[in-house]
Amino acid sequence: MSGITVAPSSRGRHEAWSAERGREIIAEHLPLEGATMPILHAMQETFGYVPQDAVPLIAEAMNLSRAEVHGTFTFYHDFRHEPAGKHIVKVCVAEACQAAGARVTTDKIAKALDCAYGETRPDGQVTLEPIYCLGLCACGPSAMVNGRLVGLIDDEAIDEIAAEVRS
Ligand code: FES
């Protein structure tokens, strides 16, 4: 791939939701202080989103109301409410990347992937999300493609991202 790449791919590691697996995740994180957020993050890490069915399980384990858990879940925009696409592309829209031309890059990526930001393409092949800084500011425009950081994104890199998403 063009540009620079600095982290391994995480593609294909999401599991299908099951209440049993959800309970295991809750049990693993329950001893942590303020366990709700770590549990929600672990759910998304495991399933690619936070299933609605997880909310009552978390509420019961944390001795919270469902509304309280739901409120936390919906307050943070990073949590997905629906299953993610097969590929997840996050494009940095923060200041340093904007200064490096990210505005044009973000438009080109959306067009190349035929997907709007914050959405999953109807064929389920890709989820495209904006993100606010990936810590790769000196190499903007930057993105994360299936868990792999990519910097200095140019037209060639966009073509390669689009090809990866087609696979
Ligand atoms: S501003 Fe884009 S990686 Fe930091």
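Mentor: Welcome! Before we begin, a residue is called buried if 20 or more other C-beta atoms lie within 10 Å of its own. Keep in mind that this is a predicted model.

Trainee: Thanks! What percentage of the residues in the protein chain count as buried?
Mentor: Let's apply that cut-off of 20 or more neighbouring C-beta atoms. The protein chain has 167 residues, and the share of them that count as buried is 31%.

Trainee: Which pattern do the helices and strands follow along the sequence?
Mentor: Happy to help you find your way. The protein chain holds seven helices and six strands. Read along the sequence, their order is β-α-α-α-α-β-α-α-β-β-β-β-α.

Trainee: Why is the protein chain said to be as compact as a globular protein of that length?
Mentor: For 167 residues the globule rule gives 15 Å. The chain comes close to that value, so it counts as being as compact as a globular protein of that length, with a radius of gyration of 17 Å.

Trainee: How many Å separate the centres of domain 1 and domain 2?
Mentor: Start with where the domains lie. Domain 1 is made of residues 4-11 and 83-166, while domain 2 covers 19-75. Taken over C-alpha atoms, their centres are separated by 28 Å.

Trainee: Which residue takes a positive phi in the hairpin of strand 5 and strand 6?
Mentor: Good one to look up in the structure! Strand 5 (residues 143-145) pairs with strand 6 (residues 148-151) in the antiparallel sense, over three bridges, and Met144 stands opposite Leu149. The hairpin has two residues between the strands. The one with a positive phi, near 50°, is Asn146.

Conventions. Residues numbered from 1 in each chain as written. Predicted model: local features only at pLDDT ≥ 70, side-chain atom pairs only at ≥ 80, totals over all residues. Domains from an automatic or database assignment. Helix = DSSP H or I, 4+ residues; strand = E, 2+ residues; numbered from the N terminus. Rg over C-alpha atoms; globule rule 2.2 N^0.38 Å. Buried ≥ 20, exposed ≤ 12 C-beta atoms within 10 Å, placed from the backbone. Pairing = 2+ DSSP bridges.
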